[in-house]
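Student: Please show me the structure, and then take me through a few questions about it.

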Amino acid sequence: MTPTARTAPATLTHRFADAVPEMAVAWRADAPPAPALLVLDDALATELGLDPAFLRTPAGLAFLTGTALPDGAQPVAQAYAGHQFGGYNPRLGDGRALLLGELTARDGATHDLHLKGSGPTPFARGGDGYAAVGPMLREYVVSEAMHALGIPTTRALAVVATGRDVVREQILPGAVLVRTASSHLRVGSVVFANATGDRDVLERLVDHAIERHDPGIDPETAAATPTDRARALLDVVIARQADLIARWMLVGFVHGVMNTDNMTLSGETIDYGPCAFLDAFDPGAVFSSIDRQGRYAYGNQPGIGEWNLARLAEALLPLLADDTDAAISVAQDALDAYRPAYNEAWSAGIREKLGIGAPDARRDEDAVPALVSDLFDLLAVSRADYTLFFRHLATAARGDAKPLRSLVADAGPLDLWLARWLALAPDPEAMDRVNPLYIPRNHLVEEALAAASDTGDLTLLHRLTDAVRSPFTERLGLERYAEPAPDAFGPYVTYCGT
Ligand code: AMP
Ligand code: MG
């Protein structure tokens, strides 16, 4: 049957809840007193097989806020554990979120449909269970930017104002974020499954994760036993996270709260709380108000990724071998792949950013490693705007180094470096295809969220979203979206979980 306009989705499956009922608490979303759609990603809705025209109707809003679901839907709060800033918490879970179910997209892929800010659940631990308009719109625009940058991420389908005030330092308008993801399985999910002490739960979670993300791990051959399947899952998650974190580093993204409950098995970026993009390059950049030790600083992210994956490996130990020593050596063997995978992904990416991605017989390949490391020394010393640096570098390759020079106080070392780089015959067109011009700069995000939250004016938010949706293509009229923050903006601080 071809879908007609204004139709509700036919089904939401509950494969997670069926696979590991021990990790799913049946729950319902609170009905928002006065739901009003703030933003809807029409293109994403269509990809998911949802009808945007329907989603804009009152019945569509009831669907989006989880209050009117298709027959048979079984929304659940998911249980998971997590290491928060290194400290283990055995029971986090969806305190203010719900998995409504899984949707089959038009391309046949399965996506979680999930709410954030839908009311307190048994995992709320004293939290109110709600979310404010500002932070939910922040996730909308930043995740959209990440997607447009080609970085794996959960997606934001919609943000719906609830009409309910939420109490933070001030009283703020409330909202629900409707999020989609290839799943919400996290490192913390596996840690939780292991902590149940029931090997069968852990096995079923591993099987469910493989079924969702890696059905190619063939149960009949290579991964026939639970041991092989656990190892295969560990390997593939390590590879995906190495690749993901390399991409974050290349684009200057600081996640801000890389707790193990915020690291997915799918390799998608999740949980846009205190995240921010670098402006001035600084390996020590920390934006989150609660990250006082700088644990999740920009430059620490690759190492934290490895630490989190070690927690994943630990949680899988009971499946990795029959005795603990053997299991630890299997885990170590798997973890040993992380650094080379990360280095390979990052090195390939930085070559692309420098316009020397494709092999070229004219190039002195031996010169590349020192050139790259000298570049990052130069960036750290000059604290140049990270994003503009690479765009202006392409302009320099086209013959005009003036914009690039304007980013640094002392052009002397830069000019010496430029001469070495230009000798490698970089391709500026290729550079502009990978180095964004428009990112969700912190001052732009803040001004758009303030307008939306304070006065309900979404104009700036829409403009910013439009800019970051095509991050690589320079457009007239968007000049201010490419510029660094004015000095008056000051040091940037983000707030978590608000
Ligand atoms: P996050 O910082 O968003 O990763 O959240 C960490 C944990 O705190 C998760 O278990 C969340 O469900 C929970 N949480 C965060 N904010 C709230 C809230 N307002 N009410 C209830 N639980 C919350
Ligand atoms: Mg989280």
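Student: Which residues of helix α6 are buried?
Tutor: This is a predicted model, where local features need pLDDT of at least 70, side-chain atom pairs count only at pLDDT 80 or more, and totals for chains, interfaces and linings use all residues. Residues are numbered from 1 along each chain as its sequence is written, and side-chain values use heavy atoms, with hydrogens and water left out. Buried means under 20% relative accessible area (exposed is over 50%, partly exposed in between; 1.4 Å probe, protein chains only). In α6 the buried residues are Val187, Gly188, Ser189, Val190, Val191, Phe192 and Ala193.

Student: How many of the residues of α6 (187–195) are buried?
Tutor: A helix here is a DSSP run of H or I with at least four residues, a strand a run of E with at least two, both numbered from the N terminus. Helix α6 is mostly covered, and of its nine residues the buried ones number seven.

Student: What do the buried residues of α6 pack against?
Tutor: Contact means heavy atoms within 4.5 Å. The partners of these buried residues are two strands and two helices: β4 (82–84), β5 (87–89), α7 (199–213) and α9 (301–320).

Student: Is Arg240 buried or exposed?
Tutor: Arg240 lies in helix α8. Among the residues it touches, not counting those up to four places away in sequence, are His213 and Asp214. Because its relative accessibility is 19%, Arg240 counts as buried.

Student: Which helix gives the largest share of the largest nonpolar core?
Tutor: A nonpolar core is a set of buried Ala, Val, Leu, Ile, Met, Phe, Trp, Tyr and Cys residues joined through side-chain atoms within 4.5 Å. The largest one has 160 residues, and Leu157, Leu354 and Leu393 have the most contacts inside it. Its largest share, 14 residues, comes from helix α8 (residues 226–251).

Student: Why does this core lie between domain 1 and domain 2?
Tutor: The domain bounds come from an automatic or database domain assignment. The core lies between the two because residues are given to it by both domain 1 (15–181) and domain 2 (356–426).

Student: Which residues does Leu393 touch?
Tutor: Leu393 is one of the residues of α13 that make the contact with α15. Not counting residues up to four places away in sequence, Leu393 touches Leu354, Leu404, Trp417, Leu418, Trp421 and Met431.

Technical notes. Chains are lettered from A and ligands numbered from 1 in the order in which they are written.
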